[in-house]
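Open the model in your viewer and keep the selection tool at hand. The tour below goes from one selection to the next.

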Amino acid sequence: MKLTGNFDITLFMSATINLELFCKETGFRKDEVFFINEDSNIPKENRKIVFLKTEYIESGDTESVLPQKIISQIEAILKIRSEQRGVILLTSYSQMDYILENIAPHLKTRLLPLYKGQDKGEALELHRNTKNSVLISPGLESGVNLPDDESRFQIIVKAPYYPTMDDMRMKKIYNSEPDHRRYYLKSAFRLLQMAGRSVRHVKDYAMTYVLDSKAERMVYHQKNDLPKWFIEACDGISFSK
């Protein structure tokens, strides 16, 4: 492998890593990898993830139309968190457009959309300098750092299963195994990635709200593969079923 060919030992570090998925993605054999699984040093009460199970959100053609209960729950959270900055994490721009069109006008003024191709740095700078601003976009799930008062809450609207209709790579991954295990693992770790946008250091804190009821199933079925520190922060899921 070109990436590690010049080294005897290579260290890969990530908070969102799984041994099986890492080997499948890189081509390493499991006996070539020594996996160190560390606990989070951030108290779980500072990074609580609440599964509200608001509504079951369909995939495919209906993705551009969110149930009214979802819109109402977003509005309720924005009212509760009226004096704080936050972020709404989505899986498509059609969801963003629908929320912007249907949310109450007095709450819409707080929303700061990040459109495809827009300068992310400029949007983040505007967010940091705007009282109770709430970023909204599908382009914020990774590579975004929102520490401290830059985000005290985040809303994950939809269970982030990767699309398989238009994304040929994901379709290939989905079809690569009879049980689609690699696809479901990647999707579950996408949720974990989203949940980390607003809690960035040991003294930081933020509340994560997950609205789509399918997210409960996503976490429950992958509970043995997701990190223990993530599972411990999940509230609203019964793991004793």
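What follows is a tour of three helix pairs and one pocket in a predicted model.

**Stop 1: H2 and H3**

Select residues 68-80, which form helix H2, and residues 93-102, which form helix H3. The two pack at an angle of about 70°, and their axes are 11 Å apart. Angles of 65 to 115 degrees count as roughly perpendicular, and H2 is therefore roughly perpendicular to H3. Their crossing is right-handed. To see the contact, show side chains for Ile 71, Ile 74 and Glu 75 on H2, then for Tyr 98, Ile 99 and Asn 102 on H3. By class, this contact has four nonpolar residues, one polar and one charged.

**Stop 2: H6 and H7**

Next select helix H6, residues 168-175, together with H7; the residues of H7 are 181-194. H6 and H7 have their axes 6 Å apart and pack at an angle of about 125°. That angle makes H6 oblique to H7. On the H6 side, the contact is made by Arg 169, Met 170, Ile 173 and Tyr 174. On the H7 side, pick Arg 182, Tyr 183, Tyr 184 and Lys 186. Colouring by class gives five nonpolar residues, three charged and no polar ones in the contact of H6 with H7.

**Stop 3: H1 and H7**

Keep H7 selected and add helix H1, residues 19-26. Here the angle is about 115° and the axes lie 10 Å apart. H1 and H7 are therefore roughly perpendicular to each other. The crossing of this pair is left-handed. Which residues make the contact between H1 and H7? From H1 they are Glu 20, Leu 21, Lys 24 and Glu 25, and from H7 they are Arg 181, Arg 182, Leu 185, Lys 186 and Phe 189. Six of the residues in the contact of H1 with H7 are charged, three are nonpolar and none is polar. Arg 182 and Lys 186 of H7 can stay highlighted from the previous stop, since they belong to the contact with H6 and to the contact with H1.

**Stop 4: the largest pocket**

Finally, turn on a surface and go to the largest pocket, with a volume of about 1200 Å³. To centre the view, select Phe 12, Met 13, Ser 14, Ala 15 and Ile 17, the lining residues that lie nearest its centre. In total, 41 residues line the largest pocket. Which helices each supply at least two residues of this lining? They are H1, H7 and helix H9, residues 228-233. H9 gives the largest share, three residues. By class, the lining of the largest pocket divides into 23 nonpolar, eleven polar and seven charged residues.

How values were computed:
Residues numbered from 1 in each chain as written. Predicted model: local features only at pLDDT ≥ 70, side-chain atom pairs only at ≥ 80, totals over all residues. Heavy atoms only, no water. Axes fitted to C-alpha atoms, helices over the stretch in contact; angles between N-to-C directions. Helix = DSSP H or I, 4+ residues; strand = E, 2+ residues; numbered from the N terminus. Parallel < 35°, antiparallel > 145°, perpendicular 65-115°, else oblique. Left-handed = near helix turned anticlockwise from the far one by under 90°. Contact = heavy atoms within 4.5 Å. Nonpolar A, V, L, I, M, F, W, Y, C, P; charged D, E, K, R; others polar. 1 Å grid on protein atoms, 1.4 Å probe; cavity = no way out; pocket = protein on both sides within 12 Å on 5 of 7 lines; lining within 4 Å. Points joined across faces, edges and corners; volume = space filled by probe spheres on them.
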